[in-house]
Amino acid sequence: MIINHPLLGPRDAAEFVYLGDASLIDRPDWQSPNAASEFHDYMHLRDNIAGEMRELWFHEQGDRSWLVVTRNTVTHEITNVELARDVALAKQTGASS
Amino acid sequence: MADISLKLEARSPLNGYSKSFGNLRVEEVTGKALVSIAVPQGGNAKLATAIKKQLGAAWPEIGTTTTSPKGYQLLGIQTDMVLAVFDHRGGLSDDLIRKGLGDKAYCTDQSDAWVMIRVAGEGVYEALERICPLDISERNFAIGQVARTQMEHLGAIIVKEDKNEFLLMSASSSADDFLHAITVSVENIL
């Protein structure tokens, strides 16, 4: 499997470590009144998708960047690769505006 | 105290290995200092200016290297961090860099953590392509480019120094295994 890194170009999946569902970026606010229940959901509830899924991959044997990879879990086809940093920053900007 | 005079000599990870295989030469590069320079949050522009002034080299884009007349080579291996390579002058190498950059950078001496091996000569592509997952052919990987990857499951940094010449860096703790991977691959194409 080849992951097309946004900065480095095509790289072998063996260089990466897989973490899981990209929803892990959305860490709840610990000061929220429902923090306990939100963290429960954040920790334990995941969709197990047969199809297109957004996942976090870490480029450990490379530039040490976190990526959000959109991958079809049935066919392994990768349709989009973004830097997780960009994804998280875009979310912050969206939330504050 | 008893009068014991000891003369201690530093040894490089491969003890200065150097060997020819037909047209190919595999040799350890010694006497280099390596310091990683990382950017404090939001300090990219300030640090780039300071590096230009102090070391005389431009901040390298990721995947590229820059050099300076003062003898520094900067390897752009990842976002917000570069690796500076220069002649070791004794003492702690990060102090040297930090002196000029102050609080604009986080510097770490990595000189002892890496082994450097130069592989040069005709056939170098055939020798390395068998253990390197990246396309380092001439059309894809130009002189002055750098990449971090793994070779034979060992983390490695690859710098293309010249036509038919590569500098490979890997962890000094597994230097012998890294050298073994290279020499076996070189012998396989002879």
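Which residue is the bridge partner of Tyr18(A) in β4(A)? In this predicted model, the residue of β4(A) that forms a bridge with Tyr18(A) is Trp57(A). A second facing pair is formed by Asp21(A), which stands opposite Glu55(A) in β4(A). The two strands concerned, β3(A) and β4(A), the latter covering residues 52–58, pair in the antiparallel sense over four bridges. Strand β3(A) spans residues 17–21, and of these five residues the number buried is zero, so the strand lies largely in the open.

These strands belong to an open sheet of four strands in chain A, ordered β3-β4-β5-β6 with antiparallel pairing. The edges of this sheet are β3(A) and β6(A), residues 78–83, each of which pairs on one side only. From one strand to the next, the twist averages 30°. Thr79(A) is located in the edge strand β6(A). With 9 other C-beta atoms within 10 Å, and exposure assigned at 12 or fewer, Thr79(A) is therefore exposed. When residues up to four places away in sequence are not counted, Thr79(A) touches Glu52(A) and Thr70(A). Between Thr79(A) and Val68(A), the C-alpha to C-alpha distance is 11 Å, and the two are 11 residues apart in sequence.

Confidence was assessed for the model and for chain B. The model has an ipTM of 0.86 and a pTM of 0.90. Chain B has a mean pLDDT of 94, with 99% of its residues reaching 70 or more.

In the domain assignment, chain B is divided into domain 1, made up of 18–30 + 113–188, and domain 2, made up of 32–112. The centres of domain 1 of chain B and domain 2 of chain B, taken over C-alpha atoms, are separated by 23 Å. Contact between these domains involves 12 residues of domain 1 of chain B and 10 residues of domain 2 of chain B. On the domain 1 side of this contact, β8 (114–120), β9 and β10 (154–162) of chain B each supply at least two residues. The largest share of that side, three residues, comes from β9(B). By class, the side of domain 1 of chain B that touches domain 2 of chain B comprises eight nonpolar, three polar and one charged residues.

An open sheet of five strands is also present in chain B, with the order β4-β5-β6-β3-β7 and antiparallel pairing. Its edge strands are β4(B), residues 65–67, and β7(B), residues 106–109, each pairing on one side only. Neighbouring strands of the sheet are turned against each other by 25° on average, direction ignored. Within the sheet, β5(B) and β6(B), the latter covering residues 81–87, run antiparallel and are joined by four bridges. One facing pair is provided by Leu74(B), which stands opposite Ala84(B) in β6(B). Helix α2(B), residues 93–101, packs on this sheet and touches β3 (32–38), β6 and β7 of chain B. The direction of helix α2(B) makes about 165° with that of β7(B).

Two loop residues of chain B show an unusual sign of phi. Most residues other than glycine have a negative phi. Asp80(B), although not a glycine, has a positive phi of about 65°. This residue is found in the loop between β5 and β6 of chain B, and with 18 other C-beta atoms within 10 Å, Asp80(B) is partly exposed. Asn164(B) likewise has a positive phi, near 60°, and is a residue other than glycine. Asn164(B) lies in the loop between β10 and β11 (165–171) of chain B. Because 16 C-beta neighbours fall inside 10 Å, Asn164(B) counts as partly exposed.

The contact between the chains takes 10 residues from chain B and 10 residues from chain A. On the side of chain B that touches chain A, the elements giving two or more residues are β5 (73–78) and β9 (146–151) of chain B. Of the elements, β9(B) gives the most to this side, with three residues. The residues on the side of chain B that touches chain A divide into three nonpolar, six polar and one charged. Strand β9(B) thus makes the largest contribution to the side of chain B that touches chain A, and the largest share of the side of domain 1 of chain B that touches domain 2 of chain B also comes from β9(B).

Note on methods. Residues numbered from 1 in each chain as written. Chains lettered and ligands numbered in written order. Predicted model: local features only at pLDDT ≥ 70, side-chain atom pairs only at ≥ 80, totals over all residues. Contact = placed C-beta atoms within 7 Å. Nonpolar A, V, L, I, M, F, W, Y, C, P; charged D, E, K, R; others polar. Buried ≥ 20, exposed ≤ 12 C-beta atoms within 10 Å, placed from the backbone. Pairing = 2+ DSSP bridges. Domains from an automatic or database assignment. Axes fitted to C-alpha atoms, helices over the stretch in contact; angles between N-to-C directions. pLDDT = per-residue confidence, 0-100.
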